[in-house]
Amino acid sequence: MWDKLRAHHAKVAERRFDSMLDTARAADFMAQTSDMRFDYAKTNIDETGRKLLIELLDVTGVAAKRDAMFSGAAINETEGRAVLHTALRNLDGDPVIVDGQDVMPEVLETLARMEGFANDVRSGAYQGQGGKITDVINIGIGGSDLGPAMAALALAPYHDGPRCHFVSNVDPADIAQVLRACDPTTTLVIVASKTFTTIETMTNARTAQAWMGEAVKDTGAQFAALSTAEDKTAAFGIDPSRVFGFADWVGGRYSMWGPIGLSLMMAVGPEAFRAFLRGGQAMDRHFQAADWQDNMPVMLALVGIWHNQIRGYATRAVLPYDNNLSRLPAYLQQLEMESNGKGVSMDGTTLPHESGPVVWGEPGTNGQHAFYQLIHQGTRVVPCEFLVAARGHEDDLHHQHQLLVANCLAQSEALMRGRDLDEARAKIADKCTGAELERQARHRVFTGNRPSTTLAYPKLTPEVLGQIIALYEHRVFVEGVVLGINSYDQWGVELGKELATALQPVVEGQEAPDGKDGSTAALVQFLQSHGVS
């Protein structure tokens, strides 16, 4: 099937897809739910290409693997685990069986505990030792930070609780800047680490503990933990009533639907958080029920495979024309690159094709004044994924939102249409002539024929955000199954952690850099000479 796709691509590779784009194509090359429209008409995928891509789903068993995931089967084969972040947003409580046991009663009980604690914090029933909680600091890293930090910014218009801050980097500047903005007597610190051993998180947690200890008698009383290591949280002084655990079938980068989302729940309230979960659940149902051609996560994934594995475009740019989604590209970097950045197939053999692409981006219109030059006229083609809402939250500034939408649609149109040499000449014919006209005109040529997709939605509400995040989660799943890799482990991050642990005493000057390569040893020596030890 891969060979058939590549053969078809060879036939159409040079075709201009703007020549195909009419009203009928716009209506056909899209997928839609009640709240969102995914348009992929501005790509080189035609009816034959789409048919072959859909056949790839059947050849690789996507439907069976999807059903296995939702049923609780251990599809994370390298770690022997189920993959059930979907259970965290299964608000109806339909049974989900793992190892013969329904996990939903515990999931819903944990959600109820989170809601009770969040309500207590927001109402003042739970207070700091200086009064009502004014600030919540979430300390985590990776999935324990990127998800809730992204979602808290995305839902900023819905904040009506304490201020939320996020600390992830072990760089002391990160936590120092946050602590300076808070009052230790009215701050709640949430430590997010499943094992309660993550070195960056626990280093920051101890710094926060020492900071709080300078102003309050009982530091543990103003800490909560998102962890399953109850012995370690107890040793840290955190009461079990403020410890919220989650099972090993929830991967870190998929975890904000449960306890890792506690800081978000504090900010927007349990009702809005449940709306977020309902949005994710709605996308789950769409993913399970819709025919392939109408299935939004499936078509988003197939467009990605066409661009990366078939056309050879190594990156994709995520460009939200929604400032509240400023952190979405960073969140998707982890979701997609940690999940599908693999080089080995499920059977342990070398992957026979490229794995996941490099994911990056910035919100519009900022990016237009930064890197869009390369996107429009550079030598590398970068498929672009635009996101845009029909309405913003600032009704009195709707005219600015209309300008934002116009910019978004114009960029995708410009990428597709381009500007040929004759048009470029005509633009400046009144300014120069002859050889200078030719030279200047060539600088103004846009090749066009550069692909993009657009995800449009009415407004960025909690429910719509839930749909967007679940959409991208399922896109990762489909791409992973088609590529034949395990999207749910991340062994590639382990070696660096191990080496950092071994290097710390060397950096501190307690051990010599014996056995280290010359470059590393020389860098240690240089940094020590300038005060690192």
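Helix α16 passes helix α17 in a right-handed crossing, a term used when the near helix is turned clockwise from the far one by less than a right angle, the anticlockwise case being left-handed. Helices here are DSSP runs of H or I with at least four residues, strands are runs of E with at least two, and both are numbered from the N terminus. This is a predicted model, in which local features need pLDDT of at least 70 and side-chain atom pairs count only at pLDDT 80 or more, while totals for chains, interfaces and linings use all residues. Residues are numbered from 1 along each chain as its sequence is written, and side-chain values use heavy atoms, with hydrogens and water left out.

The two helices, α16 (residues 421-428) and α17 (residues 434-443), pack at an angle of about 115° with their axes 8 Å apart; axes are lines fitted to C-alpha atoms, for helices over the stretch in contact, and angles run from 0 to 180 degrees between N-to-C directions. Leu421, Ala424, Arg425 and Ile428 of α16 meet Leu437, Glu438, Gln440, Ala441 and Arg442 of α17, where contact means heavy atoms within 4.5 Å.

Elsewhere, an open sheet of 6 strands follows the order β1-β2-β14-β13-β11-β12, with mixed pairing; two strands pair if DSSP finds at least two bridges between them. Its edge strands are β1 (30-32) and β12 (358-360), each of which pairs on one side only, and the twist averages 15° from one strand to the next. Strands β13 (residues 384-389) and β14 (residues 452-457) run parallel and are joined by 6 bridges, with alanine 389 having tyrosine 457 of β14 as its bridge partner. Helix α13 (residues 328-340) packs on this sheet, touching β11 (315-321), β12 and β13, and its direction makes about 165° with that of β12.

The largest nonpolar core has 113 residues, of which Leu188, Trp249, Leu465 and Ile468 touch the most other members; such a core is a set of buried Ala, Val, Leu, Ile, Met, Phe, Trp, Tyr and Cys residues joined through side-chain atoms within 4.5 Å. Helix α18 (residues 462-483) gives the most to this core, with 13 residues. Apart from this core lies another, of 22 residues, among them Val167 and Ala205.

Glycine 140, in the loop between β7 (135-139) and α6 (146-154), counts as buried because its relative accessibility is 0%, buried meaning under 20% relative accessible area, exposed over 50% and partly exposed in between (1.4 Å probe, protein chains only). Not counting residues up to four places away in sequence, glycine 140 touches Asp145, Val167, Ser168, Ala192 and Thr201.
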